[in-house]
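Please describe this protein–ligand model, with attention to the ligand site, the overall fold and any unusual backbone geometry.

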Amino acid sequence: MEQSPYQNLAADCAPAVKPLAVTLPRLKQMQREGEKITMLTAYDATFAALADDAGVDCLLVGDSLGMVCQGHESTVPVRLEDVRYHTEAVARGTRRSGGRPFLLADMPFGSYGGNPNQAFANACVLMQAGAQMVKLEGDGWTASIVEFFVSRGVPVCAHLGLTPQHVHALGGYRLQAKTDEAARQLLLQARELQSAGAGLLVLEMVPASVAQNVTEMLTDCPTIGIGAGSATAGQVLVLHDMIGATTRRIPKFVRNFMVGTGSLPDALRSYVAAVKSRSFPIDAEHAW
Ligand code: KIV
């Protein structure tokens, strides 16, 4: 029998089934239900689309782009315009899925430390480029900025522990919160940031036990660890590090997911599966 040209019309006209977008309330629900959150950095449309297809929950347009894309020695030279450009590209990359992953963008060095109105205008540039949340590095001094942004509709991810924008003040990329007093301070800062309205908190290079204490204390602000052990609500890695695409020394806490997978889509899927199943990171390999 001849096939009617209209046979598949209904199916063609039916709205495509779109995967549910990841939202901030959904991330908080994942924390409550014990489902680990997966986050990766992304800087361009192609990698963003691949990470989206692999089921990564959150994409971060990190100012690490200064090192991995621009060849700088630190994130300090990154400008607001650079993050805006990469955020637009990443947002375009996830358009196919209707923007399923939750998209964060880093506010670069110097873009939020002065006048709050100027800082807010800078945050709006990134939100209008496609970000759904901005990330700020810094301890207690950022709490008032977090409050200022959140009260005006800009969700904020805070970032404690090793804050790479302060590398010159910290004297290098080192483990933070090593002493009891420093760990106590970090706990107080985390609580202050949650009270100010921070919706997520990145904990970078702190002892696993400290990250665990912070994670257990914060009931309304999921923690996302990088070099902070296995107890955080989620994990983030720099994309280039986790596929071994770097000439730099790779930090000990990173796993190369290309090993044993052989293709980029498989490596990304393997990262998601490893974090969700709690087989990455493993504290014994964590080396602190
Ligand atoms: O800039 C970045 O990539 C980051 C992550 C390492 C958390 O801040």
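The report below takes up the ligand site, then the chain as a whole, and then two backbone details.

This is a predicted model, in which local features need pLDDT of at least 70 and side-chain atom pairs count only at pLDDT 80 or more, whereas totals for chains, interfaces and linings use all residues. Residues are numbered from 1 along each chain as its sequence is written, and side-chain values use heavy atoms, with hydrogens and water left out.

**Ligand site.** Around the ligand, with a heavy atom within 4 Å of it, are T41, L60, G62, D63, S64, D106, K135, H159, I226 and V238. By class, this shell holds three nonpolar, four polar and three charged residues, where Asp, Glu, Lys and Arg count as charged, Ala, Val, Leu, Ile, Met, Phe, Trp, Tyr, Cys and Pro as nonpolar, and the others, Gly among them, as polar. The table gives polar contacts, which are pairs of N or O atoms within 3.5 Å.

| Residue with polar side-chain atom | Distance to a ligand oxygen atom |
|---|---|
| D63 | 3.0 Å |
| D106 | 3.0 Å |
| K135 | 2.8 Å |

The protein covers 96% of the 250 Å² of accessible area that the ligand has on its own, as computed by the Shrake-Rupley method with a 1.4 Å probe.

**Chain.** The protein chain contains 12 helices and eight strands, taken as DSSP runs (H or I, at least four residues, for helices; E, at least two, for strands) and numbered from the N terminus. Along the principal axes, its C-alpha atoms fill a box of roughly 80 × 45 × 40 Å.

**Backbone details.** Most residues other than glycine have a negative phi, and most peptide bonds are trans. A177, in the loop between helix 8 (167–170) and helix 9 (180–196), has a positive phi near 55°. F280 and P281 are joined by a cis peptide bond with omega of about -10°, and P281 is found in the segment after helix 12 (264–276).

Technical notes:
Polar contact = N/O pair within 3.5 Å; in protein donor to acceptor, adjacent residues only side chain to side chain.
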